[in-house]
Amino acid sequence: MTSEDIILGIGLIVMIAVGCQILAPWLRVPALVLLLPAGFLAGIYLTPVDPEAIFGAAFTPMAN
């Protein structure tokens, strides 16, 4: 995985999270209600958002 792919993946994660945080008050729901499904869907459908590829060996302590 190249550095551009890592930056793209982290950028997409941040954009999705900020978008959910902005959208939550407008929909009058807690942000977590939007963040959880958005994270699951991003992990399934967006190939650049692969935590094992982005974080490498640092992902193992987070997964345990």
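**Close-ups of a four-helix chain**

**View 1. I54 counts as buried, with a relative accessibility of 9%.** That value puts I54 in the buried class because the cut-off is under 20% relative accessible area. This is a predicted model, by the way, and so are the views that follow. I54 sits in helix 3, which covers residues 51-55. So what does I54 touch, once its neighbours within four places in sequence are left aside? The contacts are M1, I6, G9, I10, I13, P48 and V49. L8 is another residue to find here: I54 and L8 lie 46 residues apart in sequence, yet their C-alpha atoms are 9.6 Å apart in space.

**View 2. The whole chain, for orientation.** Let's step back for a moment: the protein chain has four helices and zero strands, so read from the N terminus its elements go α-α-α-α. Its C-alpha atoms fill a box of roughly 40 × 25 × 15 Å along the principal axes. Of the 64 residues in the chain, 14% are buried. The chain exposes about 4,800 Å², with carbon and sulfur atoms supplying 73% of that area. Among contacts with a separation of 6 or more, 45% link residues 24 or more positions apart.

**View 3. Helix 1 packs with helix 2.** Two packed helices are described by the angle between their axes and the distance between the axes. For this pair, the angle is about 145° and the axes are 8 Å apart. The crossing of helix 1 past helix 2 is right-handed. Which residues meet across the pair? Helix 1 brings I16, A17, C20, Q21, L23, A24 and L27, while helix 2 answers with A31, L34, L35, A38 and A42.

**View 4. Helix 2 has buried residues and exposed ones on opposite sides.** A31, L34, A38 and A42 are the buried residues of helix 2. Those four cover an arc of only 70° around the axis, so they end up on the same side of helix 2. What do they pack against? The partner is helix 1, residues 3-27. Go round to the other side of helix 2 and you'll find L32, F40 and I44, which are exposed. As for length, helix 2 runs over residues 31-45, and its 15 residues at 1.5 Å each should span 21 Å. The C-alpha atoms at its ends are 21 Å apart, so expectation and model agree.

**View 5. L41 is partly exposed.** L41 belongs to helix 2. Its relative accessibility is 47%, so L41 counts as partly exposed: buried would need under 20%, and exposed over 50%. To place L41 relative to M15, note that the two are 26 residues apart in sequence and 14 Å apart in space, C-alpha to C-alpha.

**View 6. R28 has a positive phi.** Where does R28 sit? Look at the loop between helix 1 and helix 2. Phi of R28 is near 60°, a positive value in a residue other than glycine. Most residues other than glycine have a negative phi. Is R28 buried or exposed? With a relative accessible area of 78%, R28 is exposed, because the bar for that label is over 50%.

How values were computed
Residues numbered from 1 in each chain as written. Predicted model: local features only at pLDDT ≥ 70, side-chain atom pairs only at ≥ 80, totals over all residues. Heavy atoms only, no water. Helix = DSSP H or I, 4+ residues; strand = E, 2+ residues; numbered from the N terminus. Expected span 1.5 Å × (residues − 1). Buried < 20%, exposed > 50% of the residue type's maximum accessible area, 1.4 Å probe, protein only. Arc of directions from axis to C-beta. Contact = heavy atoms within 4.5 Å. Areas by Shrake-Rupley, 256 points an atom, 1.4 Å probe, with all protein chains shown as cover. Axes fitted to C-alpha atoms, helices over the stretch in contact; angles between N-to-C directions. Left-handed = near helix turned anticlockwise from the far one by under 90°.
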